[in-house]
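User: I should like to learn how to read the packing, the ion pairs and the cavities of a protein model. Could we work through one example together?

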Amino acid sequence: TWRHPVTTIEATDYGLPPEYEHVYSGKVRDLYRTPEGRLLFVASDRISAYDYVLPSLIPDKGRILTALSLWWFRQLEDIVPNHITPGKVPDQVAGRAMVCADLDMLPVECVVRGYITGSGLLEYQEKRSISGVNLPPGLKDGSLLPKVIFTPATKAAVGDHDENINFDQVITMIGQEEAQELKRLSLLVYERAAEISADCGLILADTKFEFGIAKQGRFAGKIMLADEVLTPDSSRYWDAEKWAPGGPQPSYDKQFVRDWLTSPESGWDKNSGEAPPALPQEIIEKTRSKYVEAYEVLTGKTFK
């Protein structure tokens, strides 16, 4: 069964045929069961920030992230199998959907960090460690870590924060063998992706993977890479030439959105409990261009 929590987010109306049963809607994706019993992952143009789904859409975002995920799955399939299966994507969601196997999802966010920033930096400043991994003193925002680290987290319901956990807690949740395999695969996939990104002039600072166990077929009982992978929504990409530890790095993601929401111009307090306002058209366009740029830099293809 799909173990994500049920949420109150309303699915985008794609006009799908009635035989596609709506299963779940997350912050930015909608999940349907196909007539054949597989799963249809549909990436909407919704965007989230600070645990809120914003009222504004980013045009083509779902198509960009789907195309990038499919590209990355192909780069990684010799390391770990993935949940993509043969099947026709309905015309209504062509380009923004993937037909996938129904997996038993593992309840762990597999976060891998090569650099320190974000929530990892905050935890380091408080504890001198991240997810129980001790780190040396003197690291700054954007610093290269002495080695790549696996810093798992729990999967939170929409509106809640993921919570960093240590590796022993992962073992308690899913067992020693599966925990070790999650860690091994996460580190291998990150290292391959970081090499490919570096060849494109990008730093893959950190990323988040999700895995599940195949129920049937030749991979039955095996761990598979699932959900989206290595997109700007699940990863931090930085321009290698502009990398300068000591503060926030220019990134290929929704930083324009975060910056505007926390600026006086938005008039919004992220701690107020009130929903955020709609985005100005300029911020929408800048954000879309960053997603497109990430896709084109990584794949070497023009987004159409």
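User: Which residues is F211 in contact with, leaving aside its neighbours within four places in sequence?

Analyst: This is a predicted model, and every statement here should be read in that light. Beyond those sequence neighbours, F211 is in contact with V80, M105, L106, C110, L182, L185, S186, I223, M224, L225 and A226.

User: How many residues are in the largest nonpolar core, and which of them touch the most other members?

Analyst: In soluble globular proteins, nonpolar side chains tend to be buried together. Here the largest nonpolar core has 63 residues, and those touching the most other members are W72, F209, F211, L230 and L279. Helix 4, residues 176-199, contributes the largest share of this core, namely eight residues. Apart from it there is a second, separate core of nine residues, with Y14, L16, Y20 and Y32 among them.

User: I turn to charged pairs. How many salt bridges does a search of the whole structure find?

Analyst: The search finds 19. A useful reading of each pair asks where its partners lie in the chain and whether they are buried. In one of these pairs, the side chains of E228 and R29 meet with an N to O distance of 3.3 Å. E228 belongs to the loop between strand 14 (223-226) and strand 15 (235-239), whereas R29 is in strand 2 (residues 29-33), so that the pair links distant parts of the chain, 199 residues apart. Both E228 and R29 are buried.

User: What does the salt bridge between D45 and R96 tie together?

Analyst: The closest N and O atoms of D45 and R96 are 3.1 Å apart. D45 lies in the loop between strand 3 (39-43) and strand 4 (46-49), and R96 in the loop between helix 1 (61-76) and strand 6 (97-100); the salt bridge therefore ties together parts that are 51 residues apart in sequence. D45 is buried, as is R96.

User: Where do the partners R288 and D60 lie, and is R288 buried or partly exposed?

Analyst: R288 and D60 form a salt bridge whose closest N and O atoms are 2.8 Å apart. R288 is in helix 6 (residues 281-299) and D60 in the loop between strand 5 (52-57) and helix 1, a link between distant parts of the chain, 228 residues apart. R288 counts as partly exposed because its relative accessibility is 27%. Salt bridges that share partners also join R29, D227 and E228 into one network.

User: What is particular about the backbone of D60?

Analyst: Most residues other than glycine have a negative phi, and most peptide bonds are trans. D60, however, has a positive phi, near 75°. R128 likewise has a positive phi, near 60°, and lies in the loop between helix 2 (118-127) and strand 9 (129-130). With a relative accessible area of 41%, R128 is partly exposed.

User: What volume does the largest cavity have, and which residues lie closest to its centre?

Analyst: The volume of the largest cavity is about 90 Å³. Fifteen residues might be listed for such a lining, but the centre is the place to start: of the 15 that line this cavity, R29, A43, L65, T66 and E228 are the closest to it. Helix 1 supplies the largest share of the lining, five residues. By class, the lining has six nonpolar, four polar and five charged residues. R29 and E228 thus appear both in this lining and in the salt bridge discussed above.

User: How does one read the second largest pocket in the same way?

Analyst: One again takes volume, centre and lining in turn. The second largest pocket has a volume of about 520 Å³. Its lining has 22 residues, with H83, I84, T85, A101 and M224 nearest the centre. Helix 1 gives the largest share of this lining, three residues. The classes are nine nonpolar, six polar and seven charged residues. M224, one of the residues near the centre, is also in contact with F211.

User: Finally, is Q249 buried or exposed, and what does Q249 touch?

Analyst: Q249 is buried, since its relative accessible area is 9%. Q249 lies in the loop between strand 15 and helix 5 (255-261). Not counting residues up to four places away in sequence, Q249 touches D141, G142, W238, K242, W243 and A244.

Technical notes
Residues numbered from 1 in each chain as written. Predicted model: local features only at pLDDT ≥ 70, side-chain atom pairs only at ≥ 80, totals over all residues. Heavy atoms only, no water. Core = buried A, V, L, I, M, F, W, Y, C linked by side-chain atoms within 4.5 Å. Buried < 20%, exposed > 50% of the residue type's maximum accessible area, 1.4 Å probe, protein only. Helix = DSSP H or I, 4+ residues; strand = E, 2+ residues; numbered from the N terminus. Contact = heavy atoms within 4.5 Å. Salt bridge = Lys/Arg side-chain N within 4 Å of Asp/Glu carboxyl O. 1 Å grid on protein atoms, 1.4 Å probe; cavity = no way out; pocket = protein on both sides within 12 Å on 5 of 7 lines; lining within 4 Å. Points joined across faces, edges and corners; volume = space filled by probe spheres on them. Nonpolar A, V, L, I, M, F, W, Y, C, P; charged D, E, K, R; others polar.
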